[in-house]
Amino acid sequence: LEGMEGNAAQRTGLSVADACSTILDHDSVTTCLSSTVHYMVCELGFEKEANYAVNSFVTGSGEIYWKTIIEHLHYSKTDPSVDYIKSVSSLGPLCESVHLHLQSLTMEQFEEQFVMWFQWTQCPEIFLEMFDILKCPYTTAIELSLMKLTSCLERALGDVYLLIGKDCPFLLRDLLASWELSTVFGRSVMDVLRVFIGSPDGLNLRNILWHGFASPQEIPAKYSSMLLLLTVGLGQLLTNYLLQTRFDLVHRPYVSFTNLKELRVFPDLSHELLSLAEEFE
């Protein structure tokens, strides 16, 4: 995706955000979301209106008040599972207040308050890029950046899991529901995160984006802002845990593909073979 954007921008002299807007004609794209998912992502979080003071969810020094966020969680009356409908509805206005606050900050202010709390992810530049893009009107750029953010967050959470676990779960929903992450961050904190990513019953932003279901302008920018804030809060909780346990967070090494030619899945196809295949369609 980055390569495609860069090539488009180079050819036209446009920025990446401009290139995204040029490539995708917003007016011609219809939703690929089911009516239920579209309601959950695009409408539910906007039904209630409320304004929250900045100092109710973050201090001037950048400390996140988890209590305020957790208060918006709702649970089923019959079992301890999260009521995602009520939780998204309740969290929607808070996300909007968080979004407006972040938009009011300069990059310098944002870095001064928060950048140190992104270090645990091993890719703080991804989160700084997300903040910078929040001020950009092109939602395609926001969504592309959110894809990278969720992937980075997922990998970092896997590293945290391995502080006390052995085999990191393959699925994000299993990772977020694990006893290991609840031990480090707390069950309520993990439930908040599952409202946004990792559960098919919640907003499920990571899967919607990575599986290509989201159309331009469908993912509200306020949810990206909230994920930035939540990542900061996770970094603060993790720091406290590491100080108490005296554990060291070790990041798994990245995999490098040195010979891409060996990774070819399909053999070379000639025009003759393609023509032959078309005859059997």
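# Exercises on an all-helix chain

The secondary structure of the protein chain comes to 14 helices and zero strands. Helices (H or I, at least four residues) and strands (E, at least two) are DSSP runs, numbered from the N terminus. The model is predicted: local features need pLDDT of at least 70, side-chain atom pairs count only at pLDDT 80 or more, and totals for chains, interfaces and linings use all residues. Residues are numbered from 1 along each chain as its sequence is written, and side-chain values use heavy atoms, with hydrogens and water left out.

**Exercise 1. Describe how much of the protein chain is buried and how much area it exposes.**

Solution.
- Start with burial. Buried residues make up 46% of the 281 residues. Buried means under 20% relative accessible area, exposed over 50%, and partly exposed in between (1.4 Å probe, protein chains only).
- Then take the surface. The protein chain exposes about 15,500 Å², and carbon and sulfur atoms supply 55% of that area. Accessible areas come from the Shrake-Rupley method with a 1.4 Å probe; for residues, only the protein chains shown count as cover.

**Exercise 2. Work out how helix 5 and helix 11 are placed against each other.**

Solution.
- Two packed helices are described by the angle between their axes and the distance between the axes.
- Find both. The axes of helix 5 (residues 84-104) and helix 11 (residues 187-196) come within 10 Å and cross at roughly 90 degrees. Axes are lines fitted to C-alpha atoms, for helices over the stretch in contact, and angles run from 0 to 180 degrees between N-to-C directions.
- Name the arrangement. Helix 5 is therefore roughly perpendicular to helix 11. Angles under 35 degrees count as roughly parallel, over 145 as roughly antiparallel, 65 to 115 as roughly perpendicular and the rest as oblique.
- List the residues. From helix 5, Y84, S87, V88, L91 and C95 meet R194, V195 and F196 of helix 11. Contact means heavy atoms within 4.5 Å.
- Sort them. The contact has six nonpolar, one polar and one charged residues. Here Ala, Val, Leu, Ile, Met, Phe, Trp, Tyr, Cys and Pro count as nonpolar, Asp, Glu, Lys and Arg as charged, and the others, Gly among them, as polar.

**Exercise 3. Find the buried side of helix 6 and its partners.**

Solution.
- Pick the buried residues. In helix 6 (residues 107-114) F110, Q113 and F114 are buried.
- Check the direction. These residues cover an arc of only 75 degrees around the axis, so they lie on the same side of helix 6. The arc is that of the directions from the helix axis to the C-beta atoms.
- Turn the helix over. E108 and E112 are exposed on the other side of helix 6.
- Name the partners. The buried residues of helix 6 pack against helix 5, helix 7 (124-134) and helix 13 (221-245).

**Exercise 4. Place V41 and list what it touches.**

Solution.
- V41 is found in helix 3 (residues 35-43). V41 is buried, with a relative accessible area of 0%.
- Compare sequence and space. V41 and L203 are 162 residues apart in sequence, yet 5.6 Å apart in space, C-alpha to C-alpha.
- Leave out residues up to four places away in sequence. V41 then touches L203, I208, E218, I219, P220 and Y223.

**Exercise 5. Which loop holds Q122, and what is its phi?**

Solution.
- Q122 sits in the loop between helix 6 and helix 7.
- Its phi is positive, about 70 degrees, although Q122 is not a glycine.
- Q122 counts as partly exposed, at 37% relative accessibility.
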